[in-house]
Amino acid sequence: MRSKLIEKFGELETPFYYYDLDALEENLKALHAAYSKRGYEVHYAMKANVNDGVLSAIQKKGLGADCVSGNEVKKAIEIGFSKNDIVFAGVGKTDKEINYALNEDIFCFNVESTAELNVINDLAYAQGKEARVALRLNPNISANTHAYITTGLEDNKFGINFWELEQAIELLNDSSNLKLEGIHFHIGSQITDLSSFKNLCNKVNEIQQWFFDHNIEVDHVNVGGGLGIDYHQPDEQAIPDYESYFGLFEEFIELRPNQKLHFELGRSIVGQMGSLITRVTYIKKGISTNFAILDAGMTELIRPALYQSHHVIQNISKAHRDDLPLEKYDVVGPICESSDSFGKAILLPETERGDLIAIRSAGAYAEVMASSYNLREKAQVFFG
Ligand code: LLP
C-alpha cells in the first residue's frame, strides 16, 4: 500500500473497504494476456464483489459476467456487460428471476437440476422464446479446499449427477423451448492445489466422450472458477499464476473442433486489490495475550468466522516503527459473538487505541457478505 494513501486514511471514518484500482488493472492485464491468446472466454463471477467501480473496470476489459441471482443479472446489464456474455447459475432460480433473464436474452442458463429444466422450458414457452442452457454437471471431484466452499462432490447440492444425465438429455429432447449450448462444472473455491483442476479436465474428457458417443454436440465447455489466492503473501503474490492455470487446461482438456472453453473467475481477479481498513478502539490485557478490539468485525469480513480463513493483519500506523517491541494480540471485532475474531496471537508492533489496521486480501467475499447484525452501518468504500 502506498504511503501517501496511508496518510490520507487518517482523515477517513473507519471501518472502510479500500480498493486499489491500479492493482486491479494490473491483475486484469495479466489475466487477459493469459486467456485471450488461448481463445478462452472469462466471465467474472460477480458474487465476489459487486462494487460499481470494480465492475466497470472489469467490464471495460471485455470480460463477461457470471451471475447467481436475477439482481446480479440486472446489475451486470446496468454496468454494460454484453447480454451475450452473461451466464446465470444457481440451484434455486425463481420463476421471477428466470423470466427476467429470458426477457433479457442472456447468453446461457447454467441449469442445476432436471426440475429446473422443466421450469425454464415452460417459462420460455410462455414467452415464445428458446432458452439457451448448459447442463451443470456434478463431476464428483474433490477440490481440496474448505468443506463450505466445496461444490463438486455428489453430496453437494450443486449440479446434475452423472446418473441423472440420461434423464436430463431425454428431457431436453422433449423440450421444444430449450437449446443445449454447453456443459458446465464448478468444483469449489480457493483452490490452490492445481491437481484438482487436472482431475477436473480428465473428468470433463470422460463426459465429453459420453456426449460424443450419444451424438450430442455442445458449443462450449464451462469449467467454472475457483482459482485460489495467497492469503499469506498478499504483496509477494498479488497476481495469481494465470499462465500455469490456463496452461494446465490447455494441456489436459480435449476440446472438440470449434468448441469454446469458458471460465468463471471471481476471487483471483479481485481478492488482492482490497483491504479492510479499521481502527483499534481498545487494547485489553488478557492472560496469555492481549486483545486488540477493532471497529470492524465479522459484519464487514465474515470469512475468518465462517471458514476459519487467514488474512494478513498489519498495523499501518506503526508500519515503519522498527523500534517498537512486537507483541501478541488476539485481533477481534466489536460484535457480540466469540467467533468475531480476525486472528489469534498475531504479532504486531506495540499497538494502541487509534492505530489503523489493514486486514488484507479483502477484495473478494467481504463487502458482498457484509451484514447489518447488531444494527451496524454499511462500511464505505474508498478507491486508490
Ligand atoms: N462459478 C460458480 C458456479 C461459483 O459457485 C463460484 C463461487 C464461482 C464461479 C467463483 O469462484 P471463485 O473463482 O471466486 O473461487 N464466500 C466464499 C466463497 C464462495 C464461492 C461461491 N461460488 C469465501 O469467502 O471463500
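Here are some notes on this predicted model, covering its two domains, the ligand and a few local details.

1. Start with the layout. The protein chain splits into two domains. Domain 1 is made of residues 2-15 plus 272-383, and domain 2 covers 22-271. If you want a feel for the spacing, the C-alpha centres of domain 1 and domain 2 are 33 Å apart. On the contact itself, domain 1 puts in 22 residues and domain 2 puts in 26.

2. Next, the area. People often describe the size of an interface by the accessible area lost when the parts come together. Here, domain 1 and domain 2 bury about 2,000 Å² between them, and carbon and sulfur atoms account for 55% of that. On the domain 1 side, look at Gln272, Met273 and Tyr365: this trio supplies 35% of the area that domain 1 buries against domain 2, more than any other three residues.

3. What about polar links across the interface? The count between the two domains is 1 salt bridge. Arg360 and Asp235 have side chains that meet in a salt bridge, with 2.9 Å from N to O. Polar contacts between domain 1 and domain 2 come to 10 residue pairs, both partners being at pLDDT 80 or more.

4. Which elements of domain 1 face domain 2? Helix α11 (303-307) and strand β17 (380-383) each supply at least two residues of the side that touches domain 2. Of the elements there, α11 gives the most, with 3 residues. Sorted by class, that side of domain 1 has 10 nonpolar, 8 polar and 4 charged residues.

5. Now the ligand. Around the ligand there are 18 residues, and the closest are Ser189, Glu264, Arg303, Tyr307 and Tyr365. Tyr365 has come up already, as one of the three residues supplying 35% of domain 1's buried area against domain 2.

6. Some ligand distances to check on screen. Ser189 places a polar side-chain atom 2.4 Å from an oxygen atom of the ligand. For Glu264, a polar side-chain atom sits 2.7 Å from a ligand nitrogen atom. Gly266 comes in through its backbone instead: an N or O atom there lies 3.0 Å from an oxygen atom of the ligand.

7. Salt bridges in the whole structure number 21. One pair to look at is Lys61 and Glu25, whose side chains meet at 2.7 Å, N to O. Why pick this pair? Lys61 lies in the loop between α3 (52-60) and β3 (64-67) while Glu25 is in helix α2 (residues 21-36), so the bridge ties together parts that are 36 residues apart in sequence.

8. Finally, two backbone details, both in loops. Thr14 and Pro15 are joined by a cis peptide bond, with omega at about -5°. Pro15 is in the loop between α1 (3-9) and β1 (16-19). The other detail is Asp105, which has a positive phi of about 55° although it is not a glycine. You'll find Asp105 in the loop between α5 (95-103) and β5 (108-111).

Technical notes
Residues are numbered from 1 along each chain as its sequence is written. This is a predicted model: local features need pLDDT of at least 70, side-chain atom pairs count only at pLDDT 80 or more; totals for chains, interfaces and linings use all residues. Side-chain values use heavy atoms; hydrogens and water are left out. Domain bounds come from an automatic or database domain assignment. Contact means heavy atoms within 4.5 Å. Buried area is the accessible area (1.4 Å probe) that two parts lose on being put together, summed over both. A salt bridge is a side-chain nitrogen of Lys or Arg within 4 Å of a carboxyl oxygen of Asp or Glu. A polar contact is a pair of N or O atoms within 3.5 Å; within protein, one must be able to donate a hydrogen and the other to accept it, and residues adjacent in sequence count only if both atoms are side-chain atoms. Helices (H or I, at least four residues) and strands (E, at least two) are DSSP runs, numbered from the N terminus. Ala, Val, Leu, Ile, Met, Phe, Trp, Tyr, Cys and Pro count as nonpolar, Asp, Glu, Lys and Arg as charged, and the others, Gly among them, as polar. A residue is near a molecule or strand if one of its heavy atoms lies within 4 Å of it.
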